[in-house]
Amino acid sequence: MNVPTPNTWLPSADELHLFSPEFVLVGTIVAVLVVPLLVGRRPEVPALIAVLGCFVGLVATWAVSAQVADGPQAGMVPPSAGATPMLLADRFSVFYQLLLFLALGLITWLWLIGVQKRNGTDSTAERGGPEFFVLLLTSALGMMLMVSSLNLLVLIIAIETASLPSYALVASDKRSRLGAEAALKYVMFGATASAIMIYGVSLLYGRFGTLDLSVIASALDARYAELRSTVATFAPVTHVGVTDAVFWLGLAALGVGIIFKIAAVPMHYWCPDVFQGAPTEVTTWLSVASKAAGVGLLLRIVSLFTVTGPWPPPNLPPAVAGHTYAMTVAVLVGILAAVTCTVGNLAALRQENVKRILAYSSIAHAGYMMMAAAIIAAPSAASGVSAPTYNAGMAAVIAYLFVYLLMNVGAFGATALVVWQTGTDHLSAFTGLGRRAPWVALPLAVCLFSLVGLPPLGGFTAKWYLLLALGKSAATQPWLWVLVVVAVINTAISLYYYVRIIRQMYLRDDAALPAFRPPGGGVALVSACAIILLLLGTLWFSPLGRRAQALASDVYARPPAAHAELSHPM
Amino acid sequence: MTIGLTHYLILAALLFCCGLFVMTTKRNAVGILIGVELVLNAACLNLVAFSRYRVGTIDGQIAALFIIVLAAAEAAVAIAIFVNYYRMLATIDADKGDELRG
């Protein structure tokens, strides 16, 4: 055993600067804890600090985006020989930082409205402000690290940093029986999934002799080249050995953890229960940020399987080329995506609770986004189709996530306004909302139509770019047409349950239900979401697509130190 | 007979299976948590054994240390949630919470 000599390692200033958004977040967490001790526990104080932190974080993200504009930068490289980076900063991770800071700002806004509303109706409303924000910001930190980690150990820690505060957030309303039950279900499912995932990581460590994802990627490239030479000479195919079995087992176990974060089938059972039982602002956070981080992680892992040769390999018949890691993983992700969005949409049809309907809708949307992960970023030199230089799947997901953030914050925000007013989240609470609170009902209707994907709203733009990416990539992966068909059929199914809520608001009425005045801040929040969605569907249609392409990583974006020599080539 | 990598891996696989069995059959929340701990310990054993016999660097052992800390943190959060659940329902039977369904 060669134990490295102890040395003092300080990352350089440039390296640290790459991760300034994360540092800003850590600073905000400390400030949220300390400042209320000095100025007293008013709920506005931690919220203001969080908003301030988000602004500083956005500025820091903007500064980092200039640094990574030319390509990915690896950070946190230990100085010992053969050491590989722990974290990656590239345009994709910058997008996630942007998205998470935006989401944090919107959730803080929603939380402040909720606190005022509750304090108005319930004098004993005592909800730990600092505790809530510490948990919220810590889970955001974990989600940022999830998307930028390059090492399986960092990945595990990032996922747990995102998960553990989320469990506690669900139970943050300590007087809620439903919240307690939801948190129990969440923590049980989550602990099981993460334990299986960690076991899978230990198998991958044994298979590759490293925890570093970029070294694993190089080892897979080497293995792929070996397979290709074996198959091309029509020698016996020997690629189903013990090492490959361990690899697939480890990968499947790792997949369990990722699929749990996305709430995709078959790990989706927790999602509707938790979303219904959690306080609505927490539900909004989980439905946007937690899923977004899971999808980002899935894209990162799948892009590991991108082979560096031409695709499909010119000297192979297509049927044989399909027998590679990349194709197998892409097909598996594609099947899961198709099943996820179908199950989500079908289960939403028979729900009577609006938060549950939106929970199943978020499962369906996660399914659409997973479809993009099935696109293998592969140029097709052989077939002569000019391939994009950016990762098409990532670009589609970036556009989708941005729109999805606004749609979900709008829909859940409007639901929260109704829930805080009426005290129930059953569909009947929305009866006659078009008369009782027109300025909540109208933006909610816009967000719901956008969730369906109807033009001229942002949801249509997002689906358009997603289907376009799938269709374009179908030149090299013809089975992607199946996913396109599944997505279109699912859009038609989803129309039914979204329109059901709209019908309840506008076509059903009960004169006994009084009109109410929603808080101005809440109306501003949901209206802002609705207006931006309208703009995204019309004026900003092509700017969104261009911006998403610019933010996606390059096809072969591997960190600089990725091709370090393997300690254990296999 | 010398004890080698295979023995450790088999022990870890057995622990993993026991943990999985406990997680799927127990209804008591603390029982499920114990199953989770078994699986995490299986992972730790794997990491240390691979690190010692196969890889030759210490990163597997460092990972095992981190996972021990993670397991402790997870248990702390989980037990806090159990206490909260117990105050509401006077039980920690995971099956008794059935208000959220559909």
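A:Pro456 sits in the loop that runs between helix H17 (438-452) and helix H18 (458-473) of chain A. In this predicted model, the peptide bond leading from A:Pro455 into A:Pro456 is cis, with omega near 5°. Another cis bond turns up between A:Val265 and A:Pro266, where omega is about 5°. That proline, A:Pro266, belongs to the loop between helix H9 (242-262) and H10 of chain A.

The H9-H10 loop of chain A also holds A:Ala263. A:Ala263 is not a glycine, yet its phi is positive, at about 65°. The residue is buried, with a relative accessible area of 0%. Chain B offers a counterpart in B:Ala90, again a residue other than glycine with a positive phi, here near 55°. B:Ala90 lies in the segment that follows helix H3 (59-89) of chain B. With 59% relative accessibility, B:Ala90 counts as exposed, whereas A:Ala263 is buried.

As for the overall build, chain A contains 21 helices and 2 strands. Of its 570 residues, 62% are buried. Take the contacts in chain A between residues at least 6 apart in sequence: 81% of them join residues at least 24 apart. Helix H15 (residues 392-422) of chain A is worth a look in its own right. H15(A) has 31 residues and covers 44 Å from first C-alpha to last, close to the 45 Å expected at 1.5 Å a residue. It is mostly covered, with 28 of its 31 residues buried. Just past the end of H15(A) comes A:Gly423, with a positive phi of about 80°.

Next, the place where the two chains meet. On chain A, 47 residues are in contact with 47 residues of chain B. The area buried between the chains A and B is about 4,100 Å², and carbon and sulfur atoms give 71% of it. Between chain A and chain B there are 0 salt bridges, but 6 residue pairs are in polar contact, both partners being at pLDDT 80 or more. On the chain A side, the elements giving two or more residues are helix H6 (152-170), helix H7 (177-208), helix H10 (270-277) and helix H14 (354-373). H7(A) provides the largest share, 22 residues. By type, the chain A side splits into 26 nonpolar, 11 polar and 10 charged residues.

Salt bridges do occur elsewhere, and the count over all chains is 10. Side chains of opposite charge can pair when their charged atoms come close. In H7(A), the side chains of A:Lys185 and A:Glu181 meet at 3.1 Å, N to O. Because they are 4 residues apart in this helix, A:Lys185 and A:Glu181 are separated by about one helical turn. Both partners are buried: A:Lys185 has 18% relative accessibility, and A:Glu181 has 2%. The pair is also part of something wider, as salt bridges that share partners link A:Glu181, A:Lys185, A:Asp273 and A:Arg356 into one network.

A further salt bridge joins A:Asp173 to A:Arg175, with the closest N and O atoms 3.9 Å apart. Here A:Asp173 counts as buried at 18% relative accessibility, while A:Arg175 is partly exposed at 48%. In chain B, B:Lys96 forms a salt bridge with B:Asp93, and the closest N and O atoms are 3.3 Å apart. B:Asp93 is buried, with a relative accessible area of 16%.

Methods:
Residues numbered from 1 in each chain as written. Chains lettered and ligands numbered in written order. Predicted model: local features only at pLDDT ≥ 70, side-chain atom pairs only at ≥ 80, totals over all residues. Heavy atoms only, no water. Contact = heavy atoms within 4.5 Å. Buried area = accessible area lost by both parts, 1.4 Å probe. Salt bridge = Lys/Arg side-chain N within 4 Å of Asp/Glu carboxyl O. Polar contact = N/O pair within 3.5 Å; in protein donor to acceptor, adjacent residues only side chain to side chain. Nonpolar A, V, L, I, M, F, W, Y, C, P; charged D, E, K, R; others polar. Buried < 20%, exposed > 50% of the residue type's maximum accessible area, 1.4 Å probe, protein only. Expected span 1.5 Å × (residues − 1).
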